[in-house]
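User: I am new to this structure and should like to learn how its features are read. Please begin with how the chains relate to one another.

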Amino acid sequence: MPSKPLLAKTSQILYGGDYNPEQWPESVWEEDVRLMRRAGVNLVSLGIFSWAKLQSDENTFTFEWLDRGMDLLVKNGIWVDLATATASPPPWLSVRYPDVLAIDADGRTYYHGSRQHYSPSSPSYRKFAALLVEKIASRYAKHPALVAWHINNEYACHVHNCHGPASTEAFRAWLQKRYGSLEALNNAWGTAFWSQHYYDWSEVFTPRKTPTFVNPCQQLDFQRFFSDALLELCKMERDILRRITPDIPVTTNFMSFLKPLNYWDWAKEIDFTSWDSYPDPLPGQRGDLVASMGHDLTRSLKPGRPFVLMEQCTSHVNWRPVNATKPPGSMRLYSLQAVARGGDGVLFFQWRQSIRGAEKFHGAMVQHAPAEKSRVFQEVCALGAELKKLGQVTGSLIRSRVAVIVDWHAWWALEMPSKPTEFNYQSSVAQFHRYFYENNIAVDFVTPDTNLSSYALVVAPTLYLLQEKDAQNLDAYVRKGGAILVTCFSGIVDRDDNVLPGGYPGYLTKTLGLWVEEWFPLGLDEKRIVQFGKGKKLSARKWSEVVHLEGAKALATFQEGYLKGRAALTRNSLGKGEALYLATELNTKDLSYFLDALIRDIDIKAPLSVPTKVEVTLRENGKKRFLFLLNHNKKPVRIDLKKNSGLELLTHKKIKRQIQLPALGVAVIELD
Amino acid sequence: MPSKPLLAKTSQILYGGDYNPEQWPESVWEEDVRLMRRAGVNLVSLGIFSWAKLQSDENTFTFEWLDRGMDLLVKNGIWVDLATATASPPPWLSVRYPDVLAIDADGRTYYHGSRQHYSPSSPSYRKFAALLVEKIASRYAKHPALVAWHINNEYACHVHNCHGPASTEAFRAWLQKRYGSLEALNNAWGTAFWSQHYYDWSEVFTPRKTPTFVNPCQQLDFQRFFSDALLELCKMERDILRRITPDIPVTTNFMSFLKPLNYWDWAKEIDFTSWDSYPDPLPGQRGDLVASMGHDLTRSLKPGRPFVLMEQCTSHVNWRPVNATKPPGSMRLYSLQAVARGGDGVLFFQWRQSIRGAEKFHGAMVQHAPAEKSRVFQEVCALGAELKKLGQVTGSLIRSRVAVIVDWHAWWALEMPSKPTEFNYQSSVAQFHRYFYENNIAVDFVTPDTNLSSYALVVAPTLYLLQEKDAQNLDAYVRKGGAILVTCFSGIVDRDDNVLPGGYPGYLTKTLGLWVEEWFPLGLDEKRIVQFGKGKKLSARKWSEVVHLEGAKALATFQEGYLKGRAALTRNSLGKGEALYLATELNTKDLSYFLDALIRDIDIKAPLSVPTKVEVTLRENGKKRFLFLLNHNKKPVRIDLKKNSGLELLTHKKIKRQIQLPALGVAVIELD
Amino acid sequence: MPSKPLLAKTSQILYGGDYNPEQWPESVWEEDVRLMRRAGVNLVSLGIFSWAKLQSDENTFTFEWLDRGMDLLVKNGIWVDLATATASPPPWLSVRYPDVLAIDADGRTYYHGSRQHYSPSSPSYRKFAALLVEKIASRYAKHPALVAWHINNEYACHVHNCHGPASTEAFRAWLQKRYGSLEALNNAWGTAFWSQHYYDWSEVFTPRKTPTFVNPCQQLDFQRFFSDALLELCKMERDILRRITPDIPVTTNFMSFLKPLNYWDWAKEIDFTSWDSYPDPLPGQRGDLVASMGHDLTRSLKPGRPFVLMEQCTSHVNWRPVNATKPPGSMRLYSLQAVARGGDGVLFFQWRQSIRGAEKFHGAMVQHAPAEKSRVFQEVCALGAELKKLGQVTGSLIRSRVAVIVDWHAWWALEMPSKPTEFNYQSSVAQFHRYFYENNIAVDFVTPDTNLSSYALVVAPTLYLLQEKDAQNLDAYVRKGGAILVTCFSGIVDRDDNVLPGGYPGYLTKTLGLWVEEWFPLGLDEKRIVQFGKGKKLSARKWSEVVHLEGAKALATFQEGYLKGRAALTRNSLGKGEALYLATELNTKDLSYFLDALIRDIDIKAPLSVPTKVEVTLRENGKKRFLFLLNHNKKPVRIDLKKNSGLELLTHKKIKRQIQLPALGVAVIELD
């Protein structure tokens with residue numbers, strides 16, 4: 001495992017935030033850089049929403065103010081992650097070229113006046129975005145401040161579809177490429193149902209308003225198309241940037257489990273991943289859990305590369321009904337959690353809090369209150385100082401022996417209407433992630449076609465859509481000694497949302513050693529008892545089904561009614577490995593009971609045994625191992641380090657046997 | 001009472017389902033008919049969504065595949081209820097003739113991509129639908145498989161209005177026919193209110209989006225118009241079919257209490273009624289109750305004719321949030337309930353479960369699991385065998401001495417906004433139907449202009465809109481010896497939703513022997529005590545009012561506040577009969593207390609006294625009487641037959657004195 | 001204080017209602033005036049929805065029927081508040097001039113068929129409305145019945161915005177006038193944020209549908225514009241009326257706290273204020289409280305002038321889900337409450353209950369039941385007789401020593417999205433009004449730029465937006481000896497919704513003697529303990545914050561977590577006065593605890609100490625004082641008058657020492 005910094009110029013943890021100097025008179029900029037230096041900032045994301053200020057008509061560009069900003073920053077030792085500024089087109093563009101505006105399924109136009117109102121298939125948007133990127137890249141290609149490119153911003157944050165003429169044409173072209181012939185599309189979409197047969201490509205539309213359920217494969221393909229249409233934009237920008245600045249890495253800020261974008265496809269096209277993390281700090285919302293899942297996803301999307309936490313908030317956001325403020329100490333803990341889970345950068349939205357516009361109540365590194373008198377700015381400075389001590393951590397990685405499968409196609413297909421019951425893919429995945437997070441077992445997210453050989457356990461929650469080749473990959477993994485756990489309503493349909501004939505769960509029946517005849521979904525208030533072997537009674541919900549064992553053995557059985565005595569949880573020995581199947585949904589506590597037993601069997605362990613609510617991770621490079629200990633408790637804890645010892649990097653103290661962490665405290669130990 | 005089979009060719013209970021062979025390669029068809037024979041299927045509904053496969057442009061029709069299907073079926077002894085295939089126009093039609101597409105009140109277009117997106121007033125839709133029906137009818141007029149026509153499918157299931165230019169024109173034409181002059185319309189609609197006077201027909205629109213309440217008579221007429229506009233389509237098809245095949249009966253599948261369609265008008269235009277029954281099998285949802293009301297309505301719509309249960313599900317549907325599966329035995333019980341309440345056919349949607357499209361998770365006679373290994377298919381076969389034993393039941397009828405008035409005009413008018421409180425017509429009707437269902441008293445639904453002389457009791461729940469001639473019909477019924485029970489907020493308006501002057505309840509004041517001065521609607525959580533005579537205290541809700549007795553006597557009185565001592569329930573002796581009035585709403589248990597007393601008085605009885613949750617019905621023809629006993633309990637019951645004896649048709653056993661029914665068990669006894 | 005009647009011709013309490021004779025044959029009119037005389041009616045509002053009946057095309061007017069109505073009324077001693085009839089344009093107008101129709105943010109058109117569907121910026125609407133007003137005013141200028149003009153009706157009751165081309169143009173013109181230059185608009189709107197810079201006025205739109213939060217100042221200006229656009233219509237009508245009938249006073253009926261209209265601006269443009277009061281009579285809804293706040297606002301809008309209760313209901317409305325009926329005695333109590341709080345007129349919607357149209361179930365002075373047999377009409381007659389006894393009260397006023405600030409700009413700005421938490425301006429204001437109402441302390445509503453010198457206490461609830469000049473007004477008020485209480489999230493932004501730099505609460509920091517560093521909004525279920533001095537613990541919710549005292553003293557402190565010991569309630573002595581600040585929200589009971597202490601300090605008292613739920617007010621003119629006592633209890637109360645004595649006007653009895661009021665009883669004592 002080689003240690004390689006994200007950016008060519010640095011082996012520091014990146015620290016800073018979005019910087020929008022165009023909102024302020026230049027007199028404020030000097031104060032900004034003074035405070036940035038004090039805070040230890042080494043990177044800012046610049047120009048994300050600057051299009052309107054950079055270009056006033058088709059031919060007129062104004063870069064001078066940005067030149068001055070770039071010069072000032074680099075003069076003060078601050079690098080720039082320079083945005084391509086395409087996220088929000090200026091009003092003049094959509095007024096002169098109305099095809100820029102996105103149109104929803106009801107035919108309603110999204111106007112300018114907020115942000116991100118463009119249609120990804122608009123020829124005018126594409127033309128002028130490309131021109132802008134060309135201009136910016138050419139102008140700053142050699143600027144010493146430039147260390148990374150920030151393409152666009154939070155793609156698909158607001159607009160999840162467009163049904164205008166250009167999008168309709170683009171969708172048809174995408175389908176022609178995918179299917180080759182109309183006959184293939186008719187077959188995949190099952191247009192024999194409900195009299196939907198297409199005789200000409202011009203008859204095919206995006207899924208607009210209809211009287212009832214739209215053809216599901218049409219919807220599925222539209223979700224694929226839309227992710228691809230935005231990715232085309234991203235690639236268009238990247239190609240320009242790579243041509244002009246081949247050595248500057250590009251990223252675009254992801255948003256964790258954002259349904260509209262298949263980030264697996266996206267991550268391949270950029271140089272490093274980054275994401276924006278906004279867990280709700282309201283008591284009881286478990287922000288640490290939500291954030292940890294985003295870190296693990298973002299890290300997993302680009303294996304072997306650390307990621308950047310591109311945006312988070314120092315205090316509170318402005319877009320929830322109630323926007324709770326992170327209490328003192330919490331921002332530091334969230335920040336170091338990002339590093340603990342594989343991040344090499346901790347940035348914020350934004351540097352200086354706006355006083356105008358829709359986000360003026362979104363917290364910042366410099367808030368409305370005078371910086372010198374501000375608790376928040378004090379914490380920002382303290383964190384900056386601490387991160388400087390962790391430079392050697394950069395480039396180190398996390399090794400996971402557990403993987404959870406996440407597949408956007410399965411997600412999209414699962415959550416379309418007219419299913420046996422209402423599934424929520426993300427919460428199915430989260431239930432398993434939570435178990436591993438709370439037990440301090442490193443976990444990767446993977447696609448079903450990943451080479452899984454390095455994992456001891458793979459979990460596939462509700463993998464409703466599964467292609468044959470991917471099922472074969474899972475089967476091979478088991479036969480070679482892997483353990484897989486599949487949960488109910490997996491393997492139901494193929495690539496085109498067509499049900500696999502011959503009994504559920506389709507291509508997985510042999511792997512799992514069983515087939516499922518029929519389902520008995522449960523009412524929202526219904527519960528079922530499932531007995532684990534001869535012992536513990538577990539509480540199941542949402543789903544039950546009739547499993548016929550063909551080789552697998554029942555580990556647990558339903559206890560009531562028609563399903564009494566039938567398998568609820570099974571294990572199949574296959575080759576050198578084993579395949580487990582959960583034919584219902586367990587509550588979180590009872591799932592833990594079962595998973596505890598499972599990981600004991602497979603010999604998967606946390607790096608260290610710690611009190612509850614203490615997070616433990618291990619980052620490694622070829623030479624060193626860094627043990628992160630994060631206390632999410634509001635009281636101090638004492639941790640028994642067993643045989644571990646080393647240098648605590650934040651305090652620069654040698655540590656042996658045990659360590660005391662204050663409330664919300666963190667330790668980073670370079671292990672001996 | 002003559003026994004006359006629904007279809008010329010059969011005196012069997014019809015058994016089968018929707019069959020969509022176009023979704024499958026022809027190789028599957030052979031397997032289909034093999035399994036159909038095994039299941040005892042004798043009828044399938046064919047071609048309901050075949051338009052796109054039958055016609056590829058204005059002039060090109062492709063019937064060969066359907067020919068082969070028809071031939072294969074009849075060769076195997078299976079008859080065909082052939083669809084006119086007009087329910088879902090093909091994409092090419094709406095793309096080439098955009099007037100086909102319906103438009104909602106907000107101006108949003110319904111596109112193709114699901115089903116039923118047509119505007120009923122579209123000239124293009126009408127033209128091409130007529131052409132298609134002509135082609136199909138001509139081609140299959142003499143085909144030996146053809147026994148019935150299935151016009152369109154579930155009219156108004158999804159699209160309940162259209163406001164496009166063609167609909168606007170058609171609405172104006174409908175109004176011109178209804179009112180003759182604009183002045184008459186202005187008067188009926190009360191356009192002197194809110195400055196709505198029309199000076200030209202071109203000023204009259206369908207009730208589109210407005211700032212607040214639309215003119216209520218405009219809305220009411222639009223609901224009438226829309227039901228009529230769809231009925232025009234149905235009659236257009238029927239006229240073509242009758243011209244070409246005068247001997248083949250036509251039907252269209254109804255949907256029980258479907259508000260947009262005035263089924264009383266519709267039933268007159270078809271040869272036999274049929275309906276689609278999808279009660280929710282989730283525990284606690286009382287699917288048997290919901291289904292029984294649909295059977296009783298569908299039977300009542302066409303007096304003297306049995307009906308067909310055209311669609312139901314073997315297991316589970318796919319369009320609810322949670323789609324529970326019918327437990328073993330339940331599908332049989334629901335099926336025999338249809339026969340018990342006057343049905344001569346039991347069909348399913350659909351024969352073979354789809355693997356593509358929006359309904360692939362809707363259960364079927366042949367499910368995704370291999371038929372031979374499927375519980376569901378075993379139950380399908382067993383039911384088919386049982387139904388063969390009930391052939392002689394066909395054509396027999398149910399005699400009811402109780403009628404409940406159901407009037408679509410009253411329903412539409414009642415549920416428009418800006419009423420004293422929010423009424424729900426269907427649940428008012430259902431409260432009374434439930435009483436009679438649970439007490440095994442046969443009940444018909446009737447219109448207020450029905451000849452009521454055969455009934456001992458007529459109930460008119462919340463008959464808000466009532467024409468003078470209909471009120472006279474009710475009055476005459478009472479004077480000749482009938483008993484009527486009217487509930488609150490009846491008789492308020494005339495045909496045009498205009499309040500009747502001179503005190504409520506309008507034309508019924510003399511019949512009821514009272515008038516009502518004013519209303520005191522109750523809050524959602526408010527309760528009132530009503531004392532029945534000097535005895536029982538009943539719990540009233542939703543409504544109270546000031547009744548002035550003018551001949552009637554108070555049976556029960558309010559006990560609180562300003563209404564203390566005033567009548568809540570009255571009886572008026574009139575001629576040979578009596579008219580009762582309920583000036584509030586009782587909870588279900590307290591309503592039973594009152595109705596128990598009432599039917600005792602009138603001497604109305606169930607055919608047999610049975611344990612709770614055992615359903616009893618009696619079907620009769622000129623010669624025979626068939627006693628149906630259905631055990632809805634999950635445990636066995638013993639039933640005392642008293643003096644009844646006869647032949648149990650399912651087991652072919654002689655029965656005397658008593659019979660034991662297993663959980664969910666059914667007996668059909670041909671009485672001696 | 002001079003006593004001046006509202007209308008030149010009368011020193012009677014005005015009594016009557018909306019009269020719509022066009023809904024009835026003229027034969028009914030004679031009966032109407034007979035009953036009006038019997039009821040004591042002296043004023044009707046005529047012709048409010050008569051446009052369609054008065055004008056049948058661009059050039060044809062039909063006034064004859066209205067002439068006859070006016071003549072008949074005046075012949076019977078009934079005056080007319082004549083409407084300009086512009087509230088609901090006739091169908092022919094919007095069909096021939098479609099620019100009349102309003103269009104919503106989604107681009108959907110509001111059609112005719114209900115009422116108020118016009119766009120305020122429509123040139124055609126403006127042209128034809130002006131023509132109509134000119135015609136009506138000219139025709140009736142000298143008619144002896146005419147005593148007041150009723151402009152339009154309930155402006156903005158339904159349509160709160162329009163985004164059609166004419167509205168877009170008008171919005172641009174309004175902005176050009178406001179800002180002078182685009183650069184000023186760009187600065188005020190903060191268009192540097194999210195790339196919204198405008199280079200040409202044609203790029204500026206009304207805030208239509210956008211992907212996410214619209215620019216907040218754009219929204220704020222649109223709300224200002226829309227209030228102004230409707231006010232322009234009102235002024236256009238008024239100017240015509242004043243030109244033709246300079247001596248006839250004009251009004252338009254307000255609707256209390258109607259967010260779309262800044263009534264402070266409106267009240268300046270009319271001669272007397274009037275409003276429509278429809279509190280929900282359902283038990284538990286506290287209709288008296290809601291009505292009292294509307295009376296106090298309407299009175300405050302035009303200081304020194306009584307107001308008219310232009311509409312209320314005798315019994316029940318028709319537009320709520322459940323429309324409860326006012327119980328006997330309640331209508332009288334609500335009516336006399338209006339007089340008690342400064343009203344010189346008590347009118348109803350409407351005289352005779354409609355039998356057609358959307359409001360036929362809205363109660364009236366003459367209901368559906370025959371008038372002679374109707375409880376409601378009896379109460380109407382009794383009230384009419386009583387009001388005749390109160391003629392000398394007209395013109396007298398209410399003196400308040402307490403004021404609550406209400407500012408529409410602050411309201412609009414506060415309730416736009418993306419705030420720290422969700423505030424409700426009206427309920428913040430209502431919490432304080434309720435306290436003063438329940439303690440019988442007269443209270444005025446005022447703007448922040450009012451001369452406050454006559455008040456002993458001013459409350460400013462959540463005055464989020466505050467201009468510097470207004471803050472200076474408040475500061476000066478305090479320094480001269482006033483007491484002000486400001487609550488949290490006040491003073492945050494300036495006129496353009498731009499945050500004030502240098503710590504919250506902006507321009508008020510010096511006045512309050514503190515500054516606020518940051519906020520900790522609370523979750524919906526979160527509570528905080530606040531300790532008042534060393535004593536009582538109060539329960540706080542919704543909000544907490546970090547207050548830094550700079551001169552102020554803490555009266556109460558937070559007790560938990562990071563805020564433990566920090567100020568929750570402060571007092572700052574400034575000049576001769578004091579400024580209090582509440583840094584959280586208290587529940588109603590705990591707020592009373594604090595306010596009880598505060599008003600004791602400031603020596604504010606009720607006119608009389610009375611049992612709970614007895615309302616006391618005092619109206620005065622230069623010579624006389626009228627003490628109103630209203631018993632809202634459902635049982636009698638005895639009231640100790642202390643040293644007060646006088647003549648009870650309703651019974652014409654001398655009263656001394658004490659008085660007994662029956663349930664819902666009222667006394668009006670002309671004090672000696």
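Analyst: To compare copies, one superposes them by least squares on the C-alpha atoms of residues with pLDDT of at least 70 in both. The model is predicted, and local features need pLDDT of at least 70, side-chain atom pairs count only at pLDDT 80 or more, and totals for chains, interfaces and linings use all residues. Residues are numbered from 1 along each chain as its sequence is written, while chains are lettered from A and ligands numbered from 1 in the order in which they are written.

User: By what turn and shift can chain C be laid on chain A?

Analyst: A turn of 120° with a shift of 0.0 Å along the axis lays chain C on chain A, with an RMSD of 0.1 Å. The two copies are therefore related as by a three-fold rotation axis. In chain C, the C-alpha nearest that axis belongs to Arg108(C), at 5.2 Å. Chain B is laid on chain C by a turn of 120° and a shift of 0.0 Å along the axis, with an RMSD of 0.1 Å. In chain B, the C-alpha of Arg108(B) is nearest the axis, 5.1 Å from it.

User: How many residues of chain C and of chain A are in contact?

Analyst: Two residues are in contact if their C-beta atoms, placed from the backbone, lie within 7 Å. On that basis, 44 residues of chain C touch 53 residues of chain A. Helices (H or I, at least four residues) and strands (E, at least two) are DSSP runs, numbered from the N terminus. Helix H8 (216-244) and strand E14 (514-519) of chain C each give two or more residues to the side of chain C that touches chain A. The largest share of that side, three residues, is from E14(C).

User: What is the make-up of that side by class?

Analyst: Ala, Val, Leu, Ile, Met, Phe, Trp, Tyr, Cys and Pro count as nonpolar, Asp, Glu, Lys and Arg as charged, and the others, Gly among them, as polar. The side of chain C that touches chain A has 19 nonpolar, 16 polar and nine charged residues.

User: Let us turn to one chain. How many helices and strands does chain A have?

Analyst: Chain A has 17 helices and 26 strands. The radius of gyration is taken over C-alpha atoms, and the globule rule is 2.2 Å times the number of residues to the power 0.38. Chain A has a radius of gyration of 26 Å, close to the 26 Å that the rule gives for 672 residues, so it is as compact as a globular protein of that length. Its C-alpha atoms fill a box of roughly 75 × 75 × 45 Å along the principal axes.

User: What share of chain A is buried?

Analyst: A residue is buried if 20 or more other C-beta atoms lie within 10 Å of its own, exposed if 12 or fewer, and partly exposed in between, with C-beta atoms placed from the backbone. In chain A, 58% of the 672 residues count as buried.

User: How is a single helix read, and which residues of H6(A) are buried?

Analyst: An α-helix has 3.6 residues a turn, so residues three or four places apart point the same way. The expected span of a helix is 1.5 Å times one less than its number of residues. Helix H6 (residues 165-179) of chain A has 15 residues and reaches 21 Å from its first C-alpha to its last, close to the 21 Å expected. Its buried residues are Ala166(A), Ser167(A), Ala170(A), Phe171(A) and Leu175(A). They pack against helix H5 (123-140), helix H7 (182-189) and helix H8 (216-244) of chain A. After H6(A) comes Gly180(A), with a positive phi near 75°.

User: Which peptide bonds are cis, and where do Glu154(C) and Asp603(C) lie?

Analyst: Most residues other than glycine have a negative phi, and most peptide bonds are trans. The bond from Phe349(B) to Gln350(B) is cis, with omega near -5°, and Gln350(B) lies in the loop between strand E9 (343-348) and helix H12 (375-388) of chain B. The bond from Tyr504(B) to Pro505(B) is also cis, with omega near -10°. Glu154(C) has a positive phi, near 40°, in the loop between strand E4 (146-150) and helix H6 (165-179) of chain C. Phi of Asp603(C) is positive too, near 65°, and this residue is in the loop between helix H17 (588-602) and strand E22 (614-620) of chain C.

User: Are Glu154(C) and Asp603(C) buried or exposed?

Analyst: Glu154(C) is buried, with 21 other C-beta atoms within 10 Å, whereas Asp603(C) is exposed, with 8.
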